[in-house]
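Student: I'd like to go through the reasoning behind a few labels on this one. Can we take them in turn?

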There are 2 protein chains.
Amino acid sequence: MAHQAELIAVGTELLLGSIANTDAQMLSQALAGLGINVYYHTVVGDNPQRLAQVMEQAKQRADLIITTGGLGPTCDDLTKQVVAGAFGRKLVFHEESAQRIRNYFAHKNRPMSDNNLQQAMLPEGCTVLDNDWGTAPGCAWEQDGITVVMLPGPPRECRAMLEHRVLPYLRDKGEGEILSRTLCLFGIGESAIEAQLRTEMESMTNPTLAPYAKEGSAELRITAKGGSRAECEALIAPVEQALRQRFGALIYGADVKDLTEVACKLLLEQGVTLATAESCTGGMIAQRITDLAGVSAVFKGGVVCYTNEVKRDLVGVSETLLTEYGAVSEPVCRGLAEGIRRKLGADLGLGVTGVAGPGSDDRGNPVGLIYVGLSDRAHTWVRELRLGPDRAQNRNFATLNGLDMVRRYLSGLPVE
Amino acid sequence: MAHQAELIAVGTELLLGSIANTDAQMLSQALAGLGINVYYHTVVGDNPQRLAQVMEQAKQRADLIITTGGLGPTCDDLTKQVVAGAFGRKLVFHEESAQRIRNYFAHKNRPMSDNNLQQAMLPEGCTVLDNDWGTAPGCAWEQDGITVVMLPGPPRECRAMLEHRVLPYLRDKGEGEILSRTLCLFGIGESAIEAQLRTEMESMTNPTLAPYAKEGSAELRITAKGGSRAECEALIAPVEQALRQRFGALIYGADVKDLTEVACKLLLEQGVTLATAESCTGGMIAQRITDLAGVSAVFKGGVVCYTNEVKRDLVGVSETLLTEYGAVSEPVCRGLAEGIRRKLGADLGLGVTGVAGPGSDDRGNPVGLIYVGLSDRAHTWVRELRLGPDRAQNRNFATLNGLDMVRRYLSGLPVE
């Protein structure tokens with residue numbers, strides 16, 4: 001079984017920044033799921049000398065080498081020649097692959113240019129990985145204790161080849177399982193988590209525990225290795241339980257995408273409807289909620305109320321409140337949450353007003369002062385945030401606070 | 001001046017596939033703009049031995065090494081120690097950075113855990129790159145003909161540090177000038193541009209010309225090398241002129257951030273006010289517009305109208321239109337644009353309605369059918385889009401179309 005993998009991406013477009021190396025991310029996730037450690041990602045251009053050096057080095061430090069890219073019809077044979085050559089193999093013509101390529105074009109009713117048949121040149125003695133999602137076949141072989149896999153670069157093809165060709169190929173070699181569980185937290189920073197857990201984390205070996213920052217929220221990942229899935233689960237369970245006891249309501253989910261998803265799922269499950277009135281977040285809450293398909297069942301809509309007139313005319317905040325306290329105030333936030341709930345006939349209303357920055361408002365309120373309010377038929381809760389100078393960060397954090405209030409409300413937790 | 005760069009990302013979360021190495025993409029694009037060749041991207045985990053080996057190797061083959069990640073409060077000092085150690089430097093406490101970190105927490109009214117001050121440990125004799133977007137400062141130094149730059153990993157911080165700290169730092173080292181000009185296009189894809197310009201691009205050496213894809217729009221970058229800025233400008237001008245003749249109104253700007261910025265600048269310059277009524281984009285247009293500080297002078301606000309009731313009650317679309325044509329229709333789009341303009345007393349109204357997907361609507365309209373409308377006092381223009389199955393892509397493209405219509409209207413170009 002492979003224990004030390006290196007992923008090598010070949011392509012000048014990566015070095016120019018035209019695309020990100022998402023193939024490496026995808027492959028890394030899959031290998032982690034197989035319990036294979038990935039120690040290096042390397043990106044190199046379409047340059048035979050540099051690729052040859054990278055291959056030599058990978059042979060010294062990895063027992064699984066997966067290359068992506070450099071197999072298509074516009075690439076010359078160099079990538080395959082260099083990779084095969086690093087293991088003393090030549091390229092040979094693979095008639096069956098050539099036939100598949102001819103069929104691919106015939107099926108699409110498109111003429112085939114000759115350079116397409118270069119794709120049927122493959123390292124001698126390799127296992128051919130048929131590509132049903134494009135024209136360039138992949139290949140794999142084992143030699144000197146090293147497993148080599150070559151995959152096409154386009155992410156769609158690479159993903160399909162991984163799932164349907166590579167994982168079955170690698171699983172056959174595997175012993176043992178690896179399992180991860182990620183707890184997601186809001187209201188506590190990655191550094192505060194780490195400060196609390198450092199000693200425990202350092203002494204843990206199986207499972208391991210690691211915190212990650214995640215744009216305004218934080219994650220804690222528990223990873224276990226074992227002989228079976230059940231064994232991994234048994235290792236993870238007590239650690240998860242202890243973390244849940246420690247962090248309680250700060251944990252908004254396990255293995256979930258983000259707060260938006262968690263809040264929306266709760267709305268959908270409980271059939272509770274929501275409406276939003278956003279001043280300084282300017283539609284960000286509505287936009288995130290509507291990122292999710294199917295949310296129209298519970299999201300009534302919202303108002304982006306950048307001016308006092310819109311706050312008054314469309315949301316129904318009283319002129320008195322606006323004049324007396326100013327737009328950035330606890331009472332107006334309350335008025336936004338309550339007003340939009342009534343106006344749109346929703347069960348819950350979410351209101352946000354504040355100074356996102358970088359300039360302060362006409363009443364001299366400080367940058368980063370933001371009020372987020374949630375209203376139901378009986379109560380209205382308001383959080384007062386005092387954030388930093390960064391507009392984007394402030395808008396994001398206010399949005400997360402709004403979603404967190406919805407999440408807490410629907411989970412029966414204290415809202416403020 | 002640096003000619004051969006290597007980007008080294010430090011972080012186990014990259015090797016686990018939790019995130020993609022988008023920092024490398026961003027840095028690569030920027031370095032390409034400076035005429036610096038990037039030959040390798042390397043990703044390595046939070047492991048001192050492996051990082052040390054990677055550093056040794058980079059010293060052999062690169063004269064510009066940029067590391068990302070490993071500077072935050074939860075990282076121990078190892079990354080900085082290893083990178084500094086590869087150049088025989090120790091870490092020393094940088095009081096000014098420590099004070100900045102303390103201020104950061106004080107301003108946010110949050111307690112600071114002690115591990116945060118680790119971030120103020122920096123290689124002796126380095127140039128400190130202040131981080132105004134997070135807590136971990138970066139640093140840079142030059143030694144043995146090699147320039148080393150260390151940046152924080154979170155993409156938002158890395159991008160800001162690149163723009164405001166690293167590019168000025170690298171520009172100061174340049175001998176001779178390199179100048180780039182990036183034309184931004186909407187309404188034509190990168191591959192169509194490339195097909196039109198391939199022959200010319202291949203024969204050009206100074207300036208060079210390269211197309212990039214950019215989330216729904218495209219860019220064409222002209223890069224010139226010369227003895228002075230004026231010389232570079234003289235090389236770029238005729239190429240830019242020829243491209244402007246060829247692509248005309250498809251070009252929405254040169255060296256601009258995005259369509260949102262261009263549209264908002266035009267609104268601000270001309271003192272024209274805008275209001276939005278968004279169904280399937282769900283607030284995305286409002287959110288992007290309000291990303292920009294100071295836009296409140298021209299953005300009145302908007303309504304996210306996910307239900308027919310909100311379209312009727314808050315935007316003023318007539319019940320008849322909604323019943324007769326259905327929410328996803330040219331007449332309702334028209335009604336949204338006109339209605340919101342009147343309701344909010346704006347000069348321009350922007351309305352969007354469509355089927356973002358993945359499911360079709362209750363009238364069986366196909367996924368990807370979206371109407372985008374712009375209304376002024378005298379006219380209303382509507383674009384009918386027929387897009388693909390991807391919800392996120394559809395919402396983004398509809399948003400860009402809306403902004404493009406505003407841009408064209410204010411530039412005196414045909415709107416539809």
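**Cysteines and the chain contact**

Tutor: Sure. Keep in mind that this is a predicted model. Let's start with the cysteines.

Student: Why is Cys126(B) not bonded to Cys139(B)?

Tutor: A disulfide needs the two sulfurs within 2.5 Å. The sulfur of Cys126(B) is 4.6 Å from its closest cysteine sulfur, the one in Cys139(B), so that's too far for a bond. As for Cys184(B), the nearest cysteine sulfur belongs to Cys264(B) and is 15 Å away, and Cys184(B) is in no disulfide. Over all chains, the count is zero disulfides.

Student: How do you know whether Cys126(B) is buried or exposed?

Tutor: Buried means under 20% relative accessible area. Cys126(B) comes in at 16%, so call that one buried. Cys184(B) has 0%, so buried applies there too.

Student: On to the interface. What makes the pair Asp291(B) and Arg395(A) a salt bridge?

Tutor: The cut-off is 4 Å from a side-chain nitrogen of Lys or Arg to a carboxyl oxygen of Asp or Glu. Here the N to O distance is 2.9 Å, and the pair qualifies. Three salt bridges turn up across the interface of chain A and chain B, along with 34 residue pairs in polar contact, both residues at pLDDT 80 or more.

Student: Which element gives the most to chain A's side of that contact?

Tutor: That's S2(A), with seven residues. By class, the side of chain A touching chain B has 30 nonpolar, 24 polar and 13 charged residues.

Student: And how much area is buried between the two chains?

Tutor: About 5600 Å², with carbon and sulfur atoms giving 54% of it. The contact takes 67 residues from chain A and 66 from chain B.

How values were computed
Residues numbered from 1 in each chain as written. Chains lettered and ligands numbered in written order. Predicted model: local features only at pLDDT ≥ 70, side-chain atom pairs only at ≥ 80, totals over all residues. Heavy atoms only, no water. Buried < 20%, exposed > 50% of the residue type's maximum accessible area, 1.4 Å probe, protein only. Contact = heavy atoms within 4.5 Å. Buried area = accessible area lost by both parts, 1.4 Å probe. Polar contact = N/O pair within 3.5 Å; in protein donor to acceptor, adjacent residues only side chain to side chain. Helix = DSSP H or I, 4+ residues; strand = E, 2+ residues; numbered from the N terminus. Nonpolar A, V, L, I, M, F, W, Y, C, P; charged D, E, K, R; others polar.
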